[in-house]
Amino acid sequence: MTGQRGEGVLNGHRGIGQTVTGEALVAADNFSARYDLDRLKGKFSRPQHKLHGKSYVGKILILNAAKGGVASAWMLKEMMSRDMGPKALVLNFANPIMAQGAAYADLPLLDRFERDVTRAVTTGDIVEVNPAAGTLTIIEKK
Amino acid sequence: MRLSKHEQDMLSGKYGWPRRFAMEQIVKVGDFFDAEDCVEVAQVHLMADTESLGEDGVLFLEKLAGYPLEERSVKVPTVTDPRGIDFEHYKALGQSEGQADLERRTIDAFRALGVMMTDTCINYQTIMPPVLGEHLAFGDTGSSIYANSVQGARTNFQGGPSALASALTGRAPRYGFHLDECRKGAKIFKVDHAPRDFAEWGALGGVVGRHMESYWDVPVLELAAPHRHPTSDELKHFGAALASYGSTALFHMVGVTPEAFDGNVALIDDPETMAAISARDIEAFIDAYWPDDDVVDVVVFAAPQLSLMEISEVADLLDGRHINEKVALIATVSPEVKSAADRMGVTAKIEGAGGMLLQGVCFYQMCAREIGEAKGWKRLATNSAKLVNIIGGYGYEPVLAPLERCVESAIQGRLVR
């Protein structure tokens, strides 16, 4: 599979933000900026999280559902102001907090796909996130 | 989204940049969730602790505060969630002058906008309780789930920028829990165990929350007889934990909450009946956090802030006793409850035993990682399942225990089961 192009397009709901391309960081786990991250170091810090210890900075972060509290609405922009944010956030199910945080931060956000996005994409894949079209395109499989 | 003339005018900038920014946020989020139009909200609960804001967020608030009064003033009553600094205690907690300065700037900016600095997450108990059917913009998961579920009001989770947008416009996009359709129960839980204390109520919230697949899942609980009717504080702990573990903003409890009071709760077409929750499930939830040793560094009562009843119980257990020198005990309350606690001798009992009663803050919103590193705290005991869920990501090892055992652990200097 390595190096193949045109692996497919996943259709989701219309999202928020601009089109971006980047390397995917994927896990079948959930997401909250406050609960899961050491935002100063740019790493997942919650011991139970499947991405514990991994850096999310500059990655297309692909996870299952938004969880936790309301802090992510501020934190996404705060992280991006220090160039310590992800490049885009892709979830099976966002919640209002992630949408509000993405809107405030101008962070590309996509969700509600026709199939489980955490199974369709693998860490290291190069993907394009197009919020206006509501699509995630796998450009290159790892 | 369909906007009224006034909403369009706000969006166009006719009433200044702050209201234009606010309407832009509302439309972006409304479009994302297919909202058809806006609701008018009666009050706003605004979460904006300085840990979440950072320098970037504070600069944004200061920018808003720099506009003329008629352009920057909030349009509906707007109250604040807990802050990050208690100015009487921050030095003792190892918080920096930089953190305190950020807090002062934030408070100044909010005051310039006309925000009421209530600094509480239990505004639904202490400030202005919402009423059935009222549309709100609440920005704390605990206040949202309580207002939606126990009081029958209507709000989505509205994080800081979004709640601020509602404050500046008096509007919120009409989607999610503003709509009857989204308030229908989806997962039905029979509960065979009557929770005995706040820790168990929180554990029940955690157990249910872990079954929630997304924000849109609404659980329905059927408590098996002979449960005593739950109190406001018990539902507070249950809801806060459910919201934390599940990202859940609404629950129905048959015979307890208004939309399920007579047993005829509205359900989705194909609701899922879940396995009954037993005493063993609650026990297993709590046990999973217990360590093999009995070390404890700090005991924390917070998340949510304690009611006057809860803090009085802590005070009575501490009265005339002394907290072990190896352990710190912290409790957080709203300024209103702190004032009452001062008047009623509650504060004196806690401080007399060596405890710290903080006002207007909540432990996890205070840069808890930096506090832990400054004080050398790792093992944290609490009766809040919500705090247990959050604080692990901040480098702590949390333990969930009933209130009286948390107090006893602080007295004895070791975890008491």
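Domain bounds come from an automatic or database domain assignment. The model treated in these exercises is predicted.

**Exercise 1. Domains of chain B**

Into which domains is chain B divided, and where do their bounds lie? Describe the contact between domain 1 and domain 2 of chain B.

Solution. Start with the bounds: chain B is divided into domain 1 (5-178), domain 2 (181-284) and domain 3 (291-412). Next take the spacing, which is 28 Å between the C-alpha centres of domain 1 and domain 2 of chain B. Then count the contacts: 16 residues of domain 1 of chain B touch 18 residues of domain 2 of chain B. On the domain 1 side, helix 7 (residues 141-149) of chain B gives the most, with seven residues. Last, sort that side by class: seven nonpolar, nine polar and no charged residues.

**Exercise 2. The contact between the chains**

How many residues of chain A are in contact with chain B, and which elements of chain A give two or more residues to that side?

Solution. The count is 31 residues of chain A against 31 residues of chain B. The elements of chain A that give two or more residues are strand 2 (13-16), helix 1 (33-36), helix 2 (72-81) and helix 3 (96-105). By class, this side of chain A holds 16 nonpolar, nine polar and six charged residues.

**Exercise 3. The five-stranded sheet of chain B**

In what order do the strands of the open sheet of five strands in chain B lie, and which strands stand at its edges? Follow the bridges through strand 13 of chain B.

Solution. The order is 12-11-10-13-14, with parallel pairing. Strand 12 (356-359) and strand 14 (397-400) of chain B are the edge strands; each has a single partner strand, so one side of each has no neighbour in the sheet. Neighbouring strands are turned by 25° against each other on average, direction ignored.

Now take the pairings of strand 13 in turn. Strand 10 (residues 298-306) of chain B pairs with strand 13 of chain B in the parallel sense over three bridges. In this pairing B:Val298 has B:Leu380 as its bridge partner. Four bridges join strand 13 (residues 379-382) of chain B to strand 14 of chain B, also in parallel. Here B:Leu380 is bridged to B:Pro398, and B:Ala381 to B:Val399. B:Leu380 thus has a bridge partner in strand 10 and another in strand 14.

One further detail belongs to strand 10 of chain B, where B:Pro304 is found. The peptide bond from B:Ala303 to B:Pro304 is cis, with omega near 0°.

**Exercise 4. The three-stranded sheet of chain B**

Which strands make up the open sheet of three strands in chain B, and which helix lies across them?

Solution. The strand order is 3-2-4, and the pairing is parallel. Strand 3 (78-80) and strand 4 (137-138) of chain B are at the edges with a single partner strand each, so one side of each is left without a neighbour in the sheet. Strand 2 (residues 44-46) of chain B pairs with strand 3 of chain B over three bridges, and B:Val44 stands opposite B:Thr78. Helix 8 (residues 160-169) of chain B lies across strand 2, strand 3 and strand 4, at about 145° to strand 2 of chain B.

**Exercise 5. A hairpin in chain A**

How many bridges join strand 9 and strand 10 of chain A, and how many residues lie between these strands?

Solution. Five bridges join strand 9 (residues 126-130) of chain A to strand 10 (residues 135-140) of chain A, and the strands run antiparallel. A:Val129 has A:Leu136 as its bridge partner. The two strands form a hairpin with four residues between them, and A:Gly134 in the turn has a positive phi of about 70°.

**Exercise 6. Two residues with positive phi**

Are A:Asp83 and B:Ser247 buried or exposed?

Solution. Most residues other than glycine have a negative phi. A:Asp83 is not a glycine, yet its phi is positive, about 55°. B:Ser247 also has a positive phi, near 55°. Locate each residue: A:Asp83 is in the loop between helix 2 and strand 7 (88-93) of chain A, and B:Ser247 in the loop between helix 10 (232-246) and strand 8 (252-253) of chain B. Then apply the neighbour count. A:Asp83 has 9 C-beta neighbours inside 10 Å and so counts as exposed. B:Ser247 has 29 other C-beta atoms within 10 Å and is therefore buried.

Conventions. Residues numbered from 1 in each chain as written. Chains lettered and ligands numbered in written order. Predicted model: local features only at pLDDT ≥ 70, side-chain atom pairs only at ≥ 80, totals over all residues. Pairing = 2+ DSSP bridges. Axes fitted to C-alpha atoms, helices over the stretch in contact; angles between N-to-C directions. Contact = placed C-beta atoms within 7 Å. Nonpolar A, V, L, I, M, F, W, Y, C, P; charged D, E, K, R; others polar. Buried ≥ 20, exposed ≤ 12 C-beta atoms within 10 Å, placed from the backbone.
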